[in-house]
Amino acid sequence: MANPSRDDDVSVVTRTRTDKKVQQPPMFRVLLHNDDYTTREFVVWVLQTVFNRAEVEAVQIMLHVHHNGVGVAGVYPFDVAEAKVRKTSELAEQNEFPLLTTMEPE
Ligand code: TYC
């Protein structure tokens, strides 16, 4: 007779999820906003050092922001996006530029 206090007759079924939605974290766009005072060189440097962009790509993004008012520096999971917004704001403040960075859900 099976003893109810023993767990050796309990079976556990495991499944491997293949649904993409549960494997991907929500992603956030980090946006750079244009202003009249931050230098182009500083924005390019931030894009290279904080957002790991190659120089050509950094210049393209900076020019896009300069001409359109806003542009995407990168797309990351929440914690990474938040850290990059904070780092960019810190660097802008240290260098006395008003550069604005924000994030939004993708
Ligand atoms: N508009 C700035 C200038 O002419 C350059 C600039 C580009 C500033 C992008 C901010 O996010 C920015 N010096």
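Me: Which helix gives the most to the shell around the ligand?

Reply: Start by assigning shell residues to elements. In this predicted model, H2 gives the most, with 3 residues. Helix H1 (40-49) and helix H2 (55-68) each supply at least two residues of that shell.

Me: Which residues are around the ligand?

Reply: Read the list along the chain. The residues are His 33, Asn 34, Asp 35, Thr 38, Arg 40, Val 43, Met 62, Val 65, His 66 and Leu 99.

Me: How many of the shell residues are nonpolar, polar and charged?

Reply: Sort the shell by class. There are 4 nonpolar, 4 polar and 2 charged residues around the ligand.

Me: Which backbone atoms pair with the ligand's polar atoms?

Reply: Take the ligand atoms by element. An oxygen atom of the ligand sits 2.9 Å from a polar backbone atom of His 33. For nitrogen, a polar backbone atom of Asp 35 is 2.8 Å from a ligand nitrogen. A backbone N or O atom of Thr 38 is 2.9 Å from a nitrogen atom of the ligand. Now add surface: the ligand exposes 350 Å² when taken alone, and the protein buries 88% of that.

Me: Where is Thr 38, and is it buried or exposed?

Reply: Locate the residue, then check its cover. Thr 38 lies in the loop between strand E1 (27-33) and H1. A residue is buried if its relative accessible area is under 20%. Thr 38 has 12%, so it counts as buried.

Me: What does the side chain of Thr 38 reach?

Reply: Treat side chain and backbone separately. The side chain of Thr 38 reaches the backbone nitrogen of Leu 99 at 3.3 Å. Leu 99 is also among the residues around the ligand.

Me: What span does helix H3 have, and what is expected?

Reply: Compare end-to-end reach with the ideal rise. H3 covers residues 78-94, which is 17 residues. From first C-alpha to last, H3 reaches 24 Å, close to the 24 Å expected at 1.5 Å a residue.

Me: Which residues of H3 are buried, and which exposed residues are on the face turned away?

Reply: Look down the helix axis. Ala 81, Lys 84, Val 85, Thr 88, Leu 91 and Ala 92 are buried. They are on the same side of H3 because they cover an arc of only 135 degrees around the axis. The face turned away from that buried side carries the exposed residues Asp 79, Arg 86, Glu 93 and Gln 94.

Me: How many helices and strands are there, and in what order do they run?

Reply: Count, then read from the N terminus. The protein chain has 3 helices and 3 strands. Their order is β-α-α-β-α-β. Of its 106 residues, 26% count as buried.

Definitions and conventions
Residues numbered from 1 in each chain as written. Predicted model: local features only at pLDDT ≥ 70, side-chain atom pairs only at ≥ 80, totals over all residues. Heavy atoms only, no water. Near = heavy atom within 4 Å. Polar contact = N/O pair within 3.5 Å; in protein donor to acceptor, adjacent residues only side chain to side chain. Areas by Shrake-Rupley, 256 points an atom, 1.4 Å probe, with all protein chains shown as cover. Helix = DSSP H or I, 4+ residues; strand = E, 2+ residues; numbered from the N terminus. Nonpolar A, V, L, I, M, F, W, Y, C, P; charged D, E, K, R; others polar. Expected span 1.5 Å × (residues − 1). Buried < 20%, exposed > 50% of the residue type's maximum accessible area, 1.4 Å probe, protein only. Arc of directions from axis to C-beta.
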